[in-house]
Amino acid sequence: MKKIEAIVKPFKLDDIREALAEQGISGMTVTEVKGFGRQKGHTELYRGAEYMVDFLPKVKIEIIVADDIVEMCLDTIIKTAQTGKIGDGKIFVYDVEQVIRIRTGETDEMAI
């Protein structure tokens, strides 16, 4: 099993959720986060004063999937989140040793 973490632009969240649902991925955790990479923030104007916004709003999507569908999930996220502009985001893939569904006690693949 793998954990896929995708940090993307907030306006892409619904498109990604729908695209993954079409592929049979039903569960995910979404967190509103802030950060920056090469984008390095931007300046905004407020009441006539310019100020630097260092951390940009992003959304972190976390999903756990079976090993055999990792590539399909990655392709779906990339195709859906990509705008071709700086700040599109990053995807991280981690190994998952064990998953337990608390309600039923199911483990691993059955708990996804």
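Strand 1 (2-8) and strand 5 (56-65) run antiparallel and are joined by seven bridges; two strands count as paired if DSSP finds at least two bridges between them. In this pairing, E5 stands opposite E62 of strand 5. Strand 5 also pairs with strand 2 (residues 29-35), again in the antiparallel sense and over seven bridges. There, E32 is opposite V59 of strand 5. Helices (H or I, at least four residues) and strands (E, at least two) are DSSP runs, numbered from the N terminus.

This is a predicted model, in which local features need pLDDT of at least 70 and side-chain atom pairs count only at pLDDT 80 or more, while totals for chains, interfaces and linings use all residues. Residues are numbered from 1 along each chain as its sequence is written, and side-chain values use heavy atoms, with hydrogens and water left out.

Strand 5 is largely enclosed by the rest of the structure, because seven of its ten residues are buried. Buried means under 20% relative accessible area, exposed over 50%, and partly exposed in between (1.4 Å probe, protein chains only). One residue of strand 5 is E62, which counts as buried because its relative accessibility is 17%. Contact means heavy atoms within 4.5 Å. Leaving aside neighbours within four places in sequence, E62 is in contact with K3, I4, E5, M28, T29 and T31. K3 lies 59 residues from E62 along the chain, and their C-alpha atoms are separated by 6.9 Å. The side chains of E62 and K3 are joined by a polar contact of 2.9 Å. A polar contact is a pair of N or O atoms within 3.5 Å; within protein, one must be able to donate a hydrogen and the other to accept it, and residues adjacent in sequence count only if both atoms are side-chain atoms.

The largest nonpolar core has 16 residues, of which I4, I61 and I63 touch the most other members. Strand 1, helix 1 (13-22), strand 5 and helix 2 (70-81) each give two or more residues to this core, and helix 2 gives the most, with five. A nonpolar core is a set of buried Ala, Val, Leu, Ile, Met, Phe, Trp, Tyr and Cys residues joined through side-chain atoms within 4.5 Å. Not counting residues up to four places away in sequence, I61 touches I4, E5, A6, V8, L13, I16, M28, T29 and V30.

In helix 2, the buried residues are V70, C73, L74, T76, I77, T80 and A81. Seen down the helix axis, they fall within an arc of 160°, so they line one face of helix 2. They pack against strand 1, helix 1, strand 5 and strand 6 (89-95). The exposed residues E71 and K79 are on the face of helix 2 turned away from its buried side.

Three residues from separate parts of the chain are set side by side below.

| Residue | Place | Relative accessibility |
|---|---|---|
| E62 | strand 5 | 17%, buried |
| K9 | loop between strand 1 and helix 1 | 14%, buried |
| T107 | segment after strand 6 | 35%, partly exposed |

Not counting residues up to four places away in sequence, K9 touches K58, T83, K85, I86, G87 and D88. On the same basis, T107 is in contact with Q98, V99 and I100.

Key: The arc is that of the directions from the helix axis to the C-beta atoms.
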